[in-house]
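Student: I have a model open and would like to talk through its charged side chains with you. Could we take it step by step?

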Amino acid sequence: MDRRDTMAQGRQQNNGSRQRCAQSAAAKAPAEPPKAVCAQLEQMNRKLAAASAEILRYQTRLFACERQMAALRQENAQLEAACEQARQEAECAGAHAEQLRQELARHAEAVRPVPVAAHTPPQPEPSAAQSPRPEPEAEQPHSPGRRFRSLLSRTGSPRPDWSTSRWS
C-alpha cells in the first residue's frame, strides 16, 4: 500500500501546482467588464454561424458532385459495354468477310475462264437510217409537203404532228 499512498500524494501535489498556475494566470489577465465579454461572445457566435453555413454549402456541393460522379461512372460502364459489343460485332463481321473472300476465291478457281472471243458482242444490224437509200421510183409532181417530210426523215427528226394546228 505504500505505493498507493505515494501516488495519491503525487496527484495532490500536481493538482495544487495546477491551481496555483491558474490563479497566477487569472491575476495577470485584466478583468473585462461583462458588456465587452458579451459582445465578443456574440461576435464569435456570428462567425460560428457563418462558418457552419459555409460548411453546409460545401457539403451540399460535395453531395451533388458525388451524385454526378456516380452517374458518370454508370454512363461510362454502359459506354464500355456498348464498345465491347461493337468490337465483338466487328470481329464477327471481319471473320464473315474473310470467309466470304475465301469462298469467292474457291469459286473463282472452280470456274474455268472463258475465251475472250466468245464474249465479243454481235455486230448491230444496220438500221434504216444507215442503210443505203432506195432509188426514187418515179418523180411525182412537186409537193412541198413531200419534200419537207423527206428532209425530216433524212435528219432523223420525228414526223410532225399535223393533227394540231396553231390556227385552230
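Student: Is Glu 84 buried, partly exposed or exposed?
Tutor: Let's start with the classes: buried means under 20% relative accessible area, exposed over 50%, and partly exposed in between (1.4 Å probe, protein chains only). Glu 84 has a relative accessibility of 38%. Therefore Glu 84 counts as partly exposed.

Student: What kind of model is this, and how are residues numbered?
Tutor: Happy to clarify: residues are numbered from 1 along each chain as its sequence is written, and side-chain values use heavy atoms, with hydrogens and water left out. Local features need pLDDT of at least 70 and side-chain atom pairs count only at pLDDT 80 or more, while totals for chains, interfaces and linings use all residues, as this is a predicted model.

Student: Which residue meets Glu 84 in a salt bridge?
Tutor: A salt bridge here is a side-chain nitrogen of Lys or Arg within 4 Å of a carboxyl oxygen of Asp or Glu. The partner of Glu 84 lies three residues apart from it in helix α2, about one turn of the helix. That partner is itself partly exposed, at 46% relative accessibility. With an N to O distance of 3.1 Å, the side chain that meets Glu 84 belongs to Arg 87.

Student: What is the N to O distance between Arg 101 and Glu 98?
Tutor: Side chains of opposite charge can pair when their charged atoms come close. Arg 101 and Glu 98 are three residues apart in helix α2, so they are separated by about one helical turn. Arg 101 is exposed at 52%, whereas Glu 98 is partly exposed at 35%. Their side chains meet in a salt bridge with an N to O distance of 2.9 Å.

Student: Which helix holds Glu 42 and Arg 46?
Tutor: Their side chains meet in a salt bridge at 3.3 Å, N to O. Glu 42 is partly exposed, with 48% relative accessibility. The two residues are four apart, which means about one helical turn between them, and the element spans residues 34–110: helix α2.

Student: How many salt bridges does a search of the whole structure find?
Tutor: We have met Glu 42 with Arg 46, Glu 84 with Arg 87, and Arg 101 with Glu 98. The search of the whole structure gives a total of three.

Student: What is the order of elements from the N terminus on?
Tutor: Helices (H or I, at least four residues) and strands (E, at least two) are DSSP runs, numbered from the N terminus. The protein has three helices and zero strands. The order is therefore α-α-α.

Student: What percentage of the residues is buried?
Tutor: The protein has 168 residues. Using the class already described, the buried share is 1%.
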